[in-house]
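Please open the structure in your viewer and keep the sequence panel beside it. The stops below are meant to be taken in order, one selection at a time.

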Amino acid sequence: MEERNDILKQRRDKLDIFRSEGIDPFANDFRVSHTAQEVLAAHEHQGAEELETLDIRYSLAGRIMARRDFGKAAFIQLQDRSARLQVYINKASIGDESFELFRRIDIGDLVGVSGVVFRTKTGELSLRAESFRLLTKSLLPLPEKWHGLTDVETRYRQRYLDLIVNPEVRDVFVKRSRIVGAIRDFMQRRGFLEVETPMMQPVAGGATARPFVTHHNTLKTDLFLRIAPELYLKRLVVGGFDRVFEINRNFRNEGISIRHNPEFTMMEFYQAYATYEDLMDLTEELICEVVREVNGSLKLSYADREVNLTRPWARLTVKEAVVHYGEVEASELETREGLLRTAAKLGIKVDPKMGPGKLLMEIFDRVAEPRLWDPTFITQYPTEVSPLSRKNDENPEVVDRFELFTVGRELANAFSELNDPVDQKERFLAQLAEKEAGDDEAHAMDEDYIRALEYGLPPTAGEGIGIDRLVMLLTDSPSIRDVILFPQLKKESA
């Protein structure tokens with residue numbers, strides 16, 4: 001800490017000296033003509049002799065990441081938003097005054113340079129500076145070259161520093177942007193309208209989760225940060241928007257783990273006159289197109305294992321998955337007593353008051369979900385755990401729903417929507433009973449949504465895809481914090 005304070009004092013002293021000499025340490029009048037990557041791409045195939053014949057000047061700005069001094073000359077590594085480029089600084093080329101300024105520049109400072117390209121004796125494409133400007137004086141040093149920014153907590157908390165010194169982290173978020181852009185393009189080409197729905201809602205609906213609560217002073221009422229946009233998107237389908245989607249932020253007042261962040265991103269969409277089976281096909285098309293565009297191949301590596309996204313993807317019911325992966329007798333899954341015996345045999349602690357649907361899902365979560373590596377659609381979820389899904393016509397004990405799993409975790413959740421207002425109200429009332437019995441995550445009653453259904457929701461299918469988890473998959477990131485720029489963290493200790 002003492003060393004850090006000394007460096008801070010030295011750099012503040014330089015700040016005062018620059019100002020006393022009429023040098024603005026926070027200048028804002030330098031204009032950039034190109035990025036480092038544009039320069040590299042334009043001349044990557046040209047040799048030293050050909051470059052000498054060119055008379056093209058470039059103006060670049062960026063952060064000094066490294067420097068090597070040789071008396072009256074030096075090389076610096078200049079990093080901008082696109083790449084790093086080596087710059088040659090020579091006293092004879094930039095003049096005595098600018099070179100004297102350069103000598104006092106620190107690693108981490110932001111500078112502007114203009115000059116021509118050439119190749120060094122080792123063949124590296126570089127810029128020979130003809131002018132040099134200080135644009136922003138940094139007061140704190142970057143992490144040491146060889147030790148770097150390796151503490152995970154610091155990386156998440158000081159993401160700005162993580163992005164400066166770890167190029168692979170920058171690549172993750174560039175890829176994330178491309179993934180979101182590819183999803184948006186896919187949906188719009190298929191006639192889906194992008195919309196925005198409230199993030200503060202009077203009723204926390206659309207999922208079974210514990211919400212964050214806030215208070216509106218003027219309205220004198222509590223509001224909830226949305227746990228899902230579902231009920232508002234379906235209101236829009238009632239209103240005549242037959243295909244809608246939203247790339248949205250959701251908030252759930254739950255635990256933090258490598259898979260969960262209280263604030264997360266989903267793409268949720270609804271299509272009228274479609275079933276959950278139609279959405280399975282659409283989901284395969286969507287994800288495969290995004291993966292090909294961003295990664296170039298449907299085979300990728302995650303956690304040192306191959307993931308094969310080639311269509312068609314496997315499809316299993318919940319019970320089939322439990323039988324297959326848990327080596328459980330199918331007959332044991334048909335009664336509540338059999339489910340309780342299976343849970344006990346597998347060492348799964350359950351609440352004896354649980355219904356058969358919840359018991360089945362507890363067993364599925366333990367024995368099947370972690371083993372679903374290549375993409376797999378799981379269908380026929382119990383009605384008991386699906387309060388917004390349409391009951392199956394042949395077996396009302398299950399709903400027309402699927403979840404998509406890959407690398408052992410859920411990636412998407414979809415179902416044919418329940419559009420019977422009487423059935424929906426009965427399920428909301430059942431959820432209210434569970435809430436009163438102590439289930440904080442049970443779904444609340446939404447009378448206005450019931451009213452919307454009474455005007456008529458066309459047969460509709462809807463789905464939510466976890467953007468953060470998709471980015472984790474496509475960037476081989478082990479934690480959701482690796483793909484969220486500013487993840488939620490515990491308060492920083494003093």
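This tour goes through a predicted model, moving from a core to a covered helix and then to two helix pairs.

Begin by selecting Ile183, Met267 and Phe269, which touch the most other members of the largest nonpolar core, a set of 49 residues. With these three on screen, add the elements that give two or more residues to this core, among them helix H8 (167-189), strand E11 (263-272), helix H10 (276-295) and helix H16 (467-475); H10 supplies the largest share, ten residues. Then centre the view on Ile183 and look for its contacts beyond the neighbours within four places in sequence, which are Met267, Leu286, Val290, Ile467 and Leu470. Apart from this core lies another one, of 27 residues, which can be found by selecting members including Ile94, Phe99, Leu127 and Ala129.

Next, select helix H9, residues 230-238. Is this helix mostly covered or mostly exposed? Seven of the nine residues of H9 are buried, and the helix is thus mostly covered; the buried ones are Glu230, Leu231, Tyr232, Leu233, Lys234, Arg235 and Val237, a list that takes in Glu230, Lys234 and Arg235 alongside Leu231 and Leu233. To see what covers them, show strand E7 (200-201), strand E10 (243-251), E11, E17, H15 and E18, which are included among the covering elements. Following the chain past H9 leads to Gly240, whose phi is positive, near 110 degrees.

Keep H9 in view and add helix H15, residues 447-456, whose axis lies 10 Å from that of H9 at an angle of about 25 degrees. Because angles under 35 degrees count as roughly parallel, H9 and H15 are described as roughly parallel to each other, and their crossing is left-handed. Selecting Leu231, Lys234, Arg235 and Val238 in H9 together with Asp448, Tyr449, Ala452, Tyr455 and Gly456 in H15 displays the residues that meet, of which five are nonpolar, one is polar and three are charged.

For the last stop, select helix H11 (residues 318-326) and helix H13 (residues 356-367), which pack with their axes 9 Å apart and at an angle of about 45 degrees, an angle that makes H11 oblique to H13. H11 passes H13 in a left-handed crossing. The contact is formed by Val318, Lys319, Ala321, Val322, Tyr325 and Gly326 of H11 and by Leu360, Met361, Ile363, Phe364 and Val367 of H13, and colouring these residues by class should give nine nonpolar, one polar and one charged.

Notes. Residues are numbered from 1 along each chain as its sequence is written. This is a predicted model: local features need pLDDT of at least 70, side-chain atom pairs count only at pLDDT 80 or more; totals for chains, interfaces and linings use all residues. Side-chain values use heavy atoms; hydrogens and water are left out. Axes are lines fitted to C-alpha atoms, for helices over the stretch in contact, and angles run from 0 to 180 degrees between N-to-C directions. Helices (H or I, at least four residues) and strands (E, at least two) are DSSP runs, numbered from the N terminus. Angles under 35 degrees count as roughly parallel, over 145 as roughly antiparallel, 65 to 115 as roughly perpendicular and the rest as oblique. A crossing is left-handed if the near helix is turned anticlockwise from the far one by less than a right angle, and right-handed if clockwise. Contact means heavy atoms within 4.5 Å. Ala, Val, Leu, Ile, Met, Phe, Trp, Tyr, Cys and Pro count as nonpolar, Asp, Glu, Lys and Arg as charged, and the others, Gly among them, as polar. A nonpolar core is a set of buried Ala, Val, Leu, Ile, Met, Phe, Trp, Tyr and Cys residues joined through side-chain atoms within 4.5 Å. Buried means under 20% relative accessible area, exposed over 50%, partly exposed in between (1.4 Å probe, protein chains only).
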